[in-house]
Amino acid sequence: MTKKVAVVVTDLVEDIEFTDPVEAIKNAGHDVTTIGFEEGTVEGKHGTKINIDKSIADVKPEDFDALFIPGGFSPDQLRADQRFVDFAKSFLSKNKLTASICHGPQLMIQTGLVHGRTMTSYLTVQPDLYYAGARIEDQPVVVDGNLITSREPKDIPAFNEAVVAALA
């Protein structure tokens with residue numbers, strides 16, 4: 001069954017943390033919608049141009065089965081906008097599949113819903129998760145129910161495998 005996956009992203013995303021998982025999700029037969037501050041194009045840290053399909057103002061969490069938050073500097077910018085925080089909060093509070101890699105959990109911290117969850121992230125984000133009440137495991141990928149987190153680009157193969165399996 002095809003799932004609808006929302007990907008929240010803006011400028012300075014870590015390119016490969018966006019491109020590789022999105023490709024894996026699409027290759028598994030699922031629909032991906034990129035969501036940003038507004039429709040148009042954003043640019044990754046290493047120059048990848050990413051088309052934004054929908055503005056955050058034009059989407060509802062109910063329209064999607066899963067949320068993916070890639071890393072880089074993108075999540076830090078997104079978490080400053082309450083619309084993205086509320087969007088992510090909806091997925092977490094309804095126990096819908098939520099996946100993020102590297103700095104992606106920064107957006108989840110802002111929701112107040114990581115307390116008691118088992119997670120991982122990039123090394124420098126792990127203390128933030130810990131102080132927000134999450135249990136940290138320094139593993140390539142951590143699955144806690146419908147929450148999937150990963151640390152960094154070298155962990156992408158394990159992350160993609162976990163995400164695609166959860167969408168199946």
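Select helix α3 (82–93) in this predicted model. Helix α3 lies across β1, β2 (31–36), β6, β7 and β11, and its direction makes about 130° with that of β6. Next, add helix α6, residues 156–167, which also packs on the sheet. Helix α6 touches β1, β6, β7, β10 and β11, running at about 170° to β7.

**The sheet**

Now display the strands alone. The sheet is open and has seven strands, in the order β5-β2-β1-β6-β7-β11-β10, with mixed pairing. Which strands stand at the edges? They are β5 (54–55) and β10 (141–144), each of which pairs on one side only. Zoom in on β10 and its partner β11 (residues 147–150): four bridges join them in the antiparallel sense. Within this pair, select valine 142, which stands opposite threonine 149 of β11.

**The nonpolar cores**

Select Val8, Ile35, Leu67 and Phe87 together. These residues have the most contacts inside the largest nonpolar core, which has 24 residues. Two or more residues of this core come from each of β1 (4–8), β6 (66–69), α3 and α4. Helix α3 gives the largest share, six residues. Apart from this core lies another, of 23 residues, including Ile50, Ala66, Cys102 and Ile148. In soluble globular proteins, nonpolar side chains tend to be buried together.

Return to valine 8 and show its surroundings. Beyond its neighbours within four places in sequence, valine 8 is in contact with several residues, among them Ile35, Leu67, Phe84, Phe87 and Leu107.

**The hairpin of β3 and β4**

Move to strands β3 (residues 40–43) and β4, which run antiparallel and are joined by four bridges. Valine 42 stands opposite isoleucine 50 in β4. Five residues lie between the two strands of this hairpin, where glycine 47 takes a positive phi near 95°.

Show the side chains of β4 (residues 49–52). Which of them are buried? Ile50 and Ile52 point to one face and are buried, whereas Lys49 and Asn51 point to the other face and are not. In a regular strand the side chains alternate between the two faces of the sheet.

**Aromatic rings**

There are five aromatic pairs to look for. Select phenylalanine 37 and phenylalanine 84: their rings are edge-to-face, at 5.1 Å centre to centre and with 75° between the planes. This pair links distant parts of the chain, 47 residues apart, since phenylalanine 37 is in the loop between β2 and β3 and phenylalanine 84 is in helix α3. Phenylalanine 37 is partly exposed, at 31% relative accessible area, while phenylalanine 84 is buried, at 1%.

Then select tyrosine 130 and tyrosine 131. Their ring centres are 5.4 Å apart and their planes stand at 70°, so this pair is edge-to-face. Tyrosine 130 is exposed, at 55% relative accessibility, and tyrosine 131 is exposed at 69%. Finally, show Phe64, Phe87 and Phe91, which ring pairs link into a cluster.

**Two residues in loops**

Select arginine 117, in the loop between α4 and β8 (118–119). Is arginine 117 buried or exposed? At 17% relative accessibility it counts as buried, because buried means under 20%. A polar atom of the side chain of arginine 117 lies 2.8 Å from the backbone oxygen of aspartate 144.

The last stop is histidine 103, in the loop between β7 (97–101) and α4 (105–109). Histidine 103 is buried, at 16% relative accessibility. Apart from its neighbours within four places in sequence, histidine 103 is in contact with Gly71, Gly72, Pro75, Tyr122, Thr124 and Val125.

Technical notes:
Residues numbered from 1 in each chain as written. Predicted model: local features only at pLDDT ≥ 70, side-chain atom pairs only at ≥ 80, totals over all residues. Heavy atoms only, no water. Buried < 20%, exposed > 50% of the residue type's maximum accessible area, 1.4 Å probe, protein only. Contact = heavy atoms within 4.5 Å. Core = buried A, V, L, I, M, F, W, Y, C linked by side-chain atoms within 4.5 Å. Pairing = 2+ DSSP bridges. Axes fitted to C-alpha atoms, helices over the stretch in contact; angles between N-to-C directions. Polar contact = N/O pair within 3.5 Å; in protein donor to acceptor, adjacent residues only side chain to side chain. Phe/Tyr/Trp six-rings, centres within 6.5 Å; stacked < 30°, edge-to-face > 60°.
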